[in-house]
Amino acid sequence: MMTDIMVEAVYAISECQHLWQGKVAAGTTARQALLESDLPQQFPQIDFRTAPIGVFGKKIKDDYILCNWDRIEVYQPLLIDPKENRRRKAQQKK
């Protein structure tokens with residue numbers, strides 16, 4: 001007998017954050033749950049079929065099977081490499 005589990009999906013940009021909570025069938029993958037959430041409707045400009053995702057800050061593959069209360073996070077590409085950013089800040093301090 002398949003049971004439902006509770007999961008969250010979150011997407012954030014500088015202007016806002018959107019959190020969806022819902023039930024999915026046990027055995028649902030992270031990508032499937034993300035596509036079942038309301039995030040694709042809230043942010044139609046984002047391709048949630050291919051966007052990088054993670055659970056609790058750890059990047060995962062699409063076939064990751066969710067556990068009860070896992071939080072799926074949708075990641076955005078970095079605007080600047082963190083190492084380059086540190087170099088720039090160090091140069092400014094000199």
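Let me start at Thr29, which sits in the loop between S2 and helix H1, residues 30–36. This is a predicted model, and what I report is computed from it. Is Thr29 buried or exposed? Its relative accessibility is 14%, so Thr29 counts as buried, the cut-off being under 20%. Leaving aside residues up to four places away in sequence, Thr29 touches Asp62, Asp63, Tyr64, Ile65 and Leu66.

The next residue to consider is Ala30, which belongs to helix H1. With a relative accessibility of 0%, Ala30 counts as buried. Which residues does Ala30 touch, if those up to four places away in sequence are not counted? They are Ile53, Ile60, Asp62, Tyr64, Leu66 and Ile72. For one of these, Leu66, I can also give the separation: Ala30 and Leu66 are 36 residues apart in sequence, yet their C-alpha atoms lie 5.9 Å apart in space. Please keep Ile72 in mind, as this contact of Ala30 returns when we come to the strands.

I turn now to the sheet. It is an open sheet of five strands, and its pairing is mixed. In what order do the strands run? The order is S2-S1-S5-S3-S4. Strand S2, residues 17–25, and strand S4, residues 58–59, are the edge strands, each pairing on one side only.

Let me take the pairings of S5 in turn. Strand S1, residues 4–12, pairs with strand S5, residues 71–74, in the parallel sense, over three bridges. Within this pairing, Ala9 stands opposite Ile72 in S5, and Ile72 is among the residues that Ala30 touches. Val10, in turn, stands opposite Glu73 in S5. As a general point, side chains in a regular strand alternate between the two faces of the sheet.

In which sense do S3 and S5 pair? They pair in the antiparallel sense, and here too there are three bridges. Gly54 has Glu73 as its bridge partner in S5. Glu73 therefore appears in both descriptions: opposite Val10, and as the bridge partner of Gly54.The aromatic residues are my next topic. How many aromatic pairs does a search of the whole structure find? It finds two. In one of them, the ring centres of Tyr11 and Phe43 are 4.7 Å apart and the planes stand at 65°, so this pair is edge-to-face. The pair links distant parts of the chain: Tyr11 is in strand S1, whereas Phe43 is in the loop between helix H2, residues 39–42, and strand S3, residues 53–55, and the two are 32 residues apart. Tyr11 counts as buried, with a relative accessibility of 4%, and Phe43 likewise counts as buried, at 7%.

Tyr11 also forms an edge-to-face aromatic pair with Phe48, at 5.9 Å centre to centre and with 80° between the planes. This pair, too, links distant parts of the chain, with Tyr11 in strand S1 and Phe48 in the loop between H2 and S3, 37 residues apart. Phe48 has a relative accessibility of 2% and counts as buried. Tyr11, Phe43 and Phe48 form one aromatic cluster.

Two further aromatic residues deserve a remark on their backbone. What is the phi of Phe56? It is near 50°, a positive value in a residue other than glycine. Phe56 is found in the loop between S3 and S4. Its relative accessibility is 48%, so Phe56 counts as partly exposed. Trp69 also has a positive phi in a residue other than glycine, near 65°. Its place is in the loop between S4 and S5. Trp69 is partly exposed, with a relative accessible area of 41%.

Finally, the cysteines. How many disulfides does a search of the whole structure find? The search finds zero. Cys16 has a relative accessibility of 35% and counts as partly exposed. Cys67 counts as partly exposed as well, at 44%.

To restate the main points: Thr29 and Ala30 both count as buried. The sheet is open, with five strands in the order S2-S1-S5-S3-S4. S5 pairs in the parallel sense with S1 and in the antiparallel sense with S3. One aromatic cluster is formed by Tyr11, Phe43 and Phe48. Thank you.

Terms used:
Residues numbered from 1 in each chain as written. Predicted model: local features only at pLDDT ≥ 70, side-chain atom pairs only at ≥ 80, totals over all residues. Heavy atoms only, no water. Pairing = 2+ DSSP bridges. Helix = DSSP H or I, 4+ residues; strand = E, 2+ residues; numbered from the N terminus. Disulfide = S-S within 2.5 Å. Buried < 20%, exposed > 50% of the residue type's maximum accessible area, 1.4 Å probe, protein only. Phe/Tyr/Trp six-rings, centres within 6.5 Å; stacked < 30°, edge-to-face > 60°. Contact = heavy atoms within 4.5 Å.
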